[in-house]
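The following note comments on the model shown below. Each numbered point may be read alongside the sequence and the structure.

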Amino acid sequence: MTSNENLFERAQAAIPGGVNSPVRAFRSVGGTPLFLVKASGAYVTDSAGREYVDLVASWGPAILGHAHPRVVKVVQDAAARGLSFGASTPAETELAELIAERVAPVEKVRLVSTGTEATMTAIRLARGFTGRELLVKFAGHYHGHSDGLLAAAGSGLATLALPGSAGVTAATAGQTLVLPYNDLDAVRAAFAEHGDNIAAVITEAAAANMGVVAPDPGFNAALADIVHAHGALLIMDEVLTGFRVSSAGYWGLENAYSQSYAPDLFTFGKVIGGGLPVAALGGRAEVMDHLAPLGPVYQAGTLSGNPVAVAAGLETLRLADESVYATLDASALLISEAVSAALSAEGVAHHVQRAGNLFSFVFGEHLAGGARNYDQVLSQEAYRYPAFFQSMLAAGVSLPPSVFEAWFVTAAHDDRAITRILDALPEAAKAAAA
Ligand code: PLP
């Protein structure tokens with residue numbers, strides 16, 4: 001067995017920053033990233049053989065817990081039949097049908113491999129369908145790393161954005177408008193100024209990439225009204241929330257509370273691949289049929305609809321019945337309330353941010369009522385989290401390595417796993433208070 005430290009040193013010589021996705025680098029919490037060798041149920045095991053209760057769940061996909069035996073079995077069977085055909089398979093249609101069955105506004109689905117591809121394609125499709133150029137997104141929302149989505153807000157409302165990463169051209173970023181979240185007046189102002197050239201608004205169904213920030217009640221429905229009044233499309237990004245917060249995603253949760261609205265396009269990822277690379281965009285047939293080969297909007301992928309990955313996704317969705325969602329909801333509530341109680345006992349001012357069974361925490365007296373947008377999230381006492389995180393890690397609990405990430409429970413978090421989390425909290429809360 002090798003230590004995480006040795007492996008990280010070696011990785012840094014071969015891989016930029018030693019990681020293949022930046023947040024894995026533990027930059028915001030300090031210390032050495034975990035090098036995992038095994039994941040099973042609610043637990044992950046590092047290269048030194050240390051087992052942790054996992055509240056990252058591969059950043060969302062593992063709703064059933066890691067390596068669910070039935071998912072592993074279908075993956076093994078599918079692999080034995082062939083790893084990739086580069087041709088259509090019956091299972092792809094089954095997955096498309098299942099997604100459309102559960103999310104009513106979706107009539108047709110195109111499978112891709114990553115959430116980034118799904119949002120990138122949805123935006124190209126919206127532009128191709130409307131013949132317009134501009135895209136509206138909200139500050140603090142993450143939709144993957146395609147160029148036009150790595151745009152930082154310029155000053156003031158309805159200002160065209162500046163590049164949010166080196167390598168993104170000003171011309172590309174300038175086609176994205178970045179608005180404050182949960183601010184319908186800002187949306188109205190943007191449409192008043194640029195309405196006839198806005199192709200689409202893209203929004204996380206509930207923001208969960210700046211920590212969790214739920215939409216205000218009625219925000220998504222009002223957004224749909226404004227967007228549609230101006231002939232633009234609404235792209236609901238459910239890559240993270242889809243099939244995690246309910247069997248019909250966050251859209252399903254809101255519609256259950258009769259906030260009825262119909263996005264034109266949805267994007268999915270994470271859960272629909274069950275831990276393997278599957279993502280999708282779906283929506284009204286009239287819009288989706290603009291994709292090649294029927295329509296003029298090009299999109300393709302050598303590994304799109306990969307048979308092994310689709311098998312994992314299909315089995316995961318089939319196993320995710322209402323009892324799974326009830327378990328996720330109950331565990332999320334229990335854990336988040338226990339964290340909150342431990343923090344309160346140490347006098348650490350905080351607020352539990354929730355969107356369905358997703359949750360995170362913002363720290364600071366001034367945020368006692370919660371954070372509704374990116375500026376508020378950034379204003380928190382973020383320095384409290386690294387000490388909390390490291391204390392939990394030392395006690396054998398792996399949390400998201402940033403205060404700006406959601407916590408993910410799985411249906412495999414049983415009493416033993418939850419007890420280990422609860423036992424670790426008093427020390428961690430003390431560390432956060434210091
Ligand atoms: N959209 C949302 C809401 C996400 O949370 C993510 C990833 O975290 C993406 C898109 C990008 O997905 P991927 O990492 O599969 O490219």
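1. In this predicted model, the shell of residues around the ligand is of mixed character: eight are polar, five are nonpolar and two are charged. In total, 15 residues surround the ligand. The closest are Gly115, Thr116, Gly144, Val239 and Leu240.

2. Which element gives the most to this shell? Helix H4, comprising residues 115-130, does so, with three residues. The student may begin the inspection of the helix at Gly115, which is among the residues closest to the ligand and is also buried.

3. The length of H4 can be checked by a short calculation. The expected span is 1.5 Å times one less than the number of residues. For the 16 residues of H4 this gives 22 Å, and because the C-alpha atoms at its ends are 22 Å apart, the model agrees with the expectation.

4. Is H4 mostly covered or mostly exposed? The helix is mostly covered, since 12 of its 16 residues are buried. A residue is counted as buried here if 20 or more other C-beta atoms lie within 10 Å of its own. The buried residues of H4 include Glu117, Met120, Ile123, Leu125 and Phe129. Thr119, Thr121 and Thr130 are also among them. When viewing the helix, it is useful to recall that an α-helix has 3.6 residues a turn, so residues three or four places apart point the same way.

5. The residue that comes just after H4 deserves a separate remark. Glycine 131 takes a positive phi of about 70 degrees.

6. A second glycine with a positive phi is found in the hairpin of strands S1 and S2: glycine 41, with a value near 60 degrees. This hairpin has two residues between its strands. S1 (residues 36-40) and S2 (residues 43-46) pair in the antiparallel sense over four bridges. Within this pairing, leucine 36 has aspartate 46 in S2 as its bridge partner.

7. Strand S12 (residues 279-283) is mostly covered, with five of its five residues buried. Its two faces may be considered in turn. Ala279, Leu281 and Gly283 lie on one side, Ala280 and Gly282 lie on the other, and all are buried.

8. Which strands pair with S12? Strand S4 (residues 108-112) is joined to S12 by five bridges, and the two run antiparallel. Strand S11 (residues 265-268) also pairs with S12 in the antiparallel sense, over four bridges. Alanine 280 of S12 is a convenient place to see both pairings: leucine 111 stands opposite alanine 280, and phenylalanine 268 has alanine 280 as its bridge partner.

Note on methods
Residues numbered from 1 in each chain as written. Predicted model: local features only at pLDDT ≥ 70, side-chain atom pairs only at ≥ 80, totals over all residues. Near = placed C-beta within 6 Å. Nonpolar A, V, L, I, M, F, W, Y, C, P; charged D, E, K, R; others polar. Pairing = 2+ DSSP bridges.
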